[in-house]
Amino acid sequence: NGPAMTRYIPLLPFLAALFWLAWTPPAAAGDKPIEAFFGNFMGRTISSTGDGLTERDLGVTIRAEGGGFTIDWKTITHKPGGRIKRKSYSINFIPSGRNNIYASAMKTNKFGGRVPLDPLKGEPYVWAKITGDTLSVYAMLVTDEGGYEMQVYERTLTEKGLALKFSRILDGKPLKQITGDLFRVGGR
């Protein structure tokens, strides 16, 4: 019993470490799986600015991509005087190893892996999380003065699609908040 058992004892720490590395905590009971957010959504917001009312047309697509997901979104802003400003973004997200937290995979490193951008180079550091019925995307930028800007997109599931809440914060001061409803178009 003694000599045979000693050959297996060194494996115990290895097996314990392997189990610890492979185990991820279970999702909170009320958190939706990422698949619940998949689909195409369209909507419009109206917000008040110093120049008057501003309308935005919004389009969002959330879909599976590799082992994670991608969010594509477009914003068309109708400015006073008939000017139009268009922006579009596409960000891939991969599991971070932490439950319901996803790392952005916005560039390829020298080993071919997908990694986040570097905020110290003026690039946004982006991540996502799911809490309950809400998929939140955070984008943090380090300003030229060494402060920070934070943009938060909260997309909450509704009966007809998604409720959007966008916040922009500069060094702890709220600069902008936009809310709107996006309606599911087509199937999932």
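So, how many helices and strands are there in the chain? Two helices and twelve strands. Bear in mind that this is a predicted model. If you walk along from the N terminus, you go through α-α and then β-β-β-β-β-β-β-β-β-β-β-β.

A few overall numbers before I zoom in. The chain has 188 residues, and 30% of them count as buried. The accessible surface is about 11,900 Å², with 58% of that belonging to carbon and sulfur atoms. And if you take contacts between residues at least 6 apart in sequence, 31% of them join residues at least 24 apart.

Okay, the residue I actually want to talk about is Asp-31. You'll find Asp-31 in the loop between helix 2, that's 11-22, and strand 1, which is 39-49.

Is Asp-31 buried, and what is the nearest side chain of opposite charge? Asp-31 is buried, and the side chain in question is Lys-129, 9.1 Å away. A salt bridge needs the two charged groups within 4 Å, so Asp-31 ends up with no salt bridge.

What does Asp-31 touch, then, once you leave out residues up to four places away in sequence? The list is Asn-100, Ile-130, Thr-131 and Gly-132. Two of those names come up again when you look at polar atoms. With Asn-100, there's a side-chain to side-chain polar contact of 2.9 Å. With Gly-132, the backbone nitrogen sits 2.6 Å from a polar atom of the Asp-31 side chain.

So that's my picture of Asp-31: a buried acid with no salt bridge, a polar contact to the side chain of Asn-100, and the backbone nitrogen of Gly-132 at 2.6 Å.

Terms used. Residues numbered from 1 in each chain as written. Predicted model: local features only at pLDDT ≥ 70, side-chain atom pairs only at ≥ 80, totals over all residues. Heavy atoms only, no water. Helix = DSSP H or I, 4+ residues; strand = E, 2+ residues; numbered from the N terminus. Buried < 20%, exposed > 50% of the residue type's maximum accessible area, 1.4 Å probe, protein only. Lys, Arg positive; Asp, Glu negative; His and termini not counted. Polar contact = N/O pair within 3.5 Å; in protein donor to acceptor, adjacent residues only side chain to side chain. Contact = heavy atoms within 4.5 Å. Areas by Shrake-Rupley, 256 points an atom, 1.4 Å probe, with all protein chains shown as cover.
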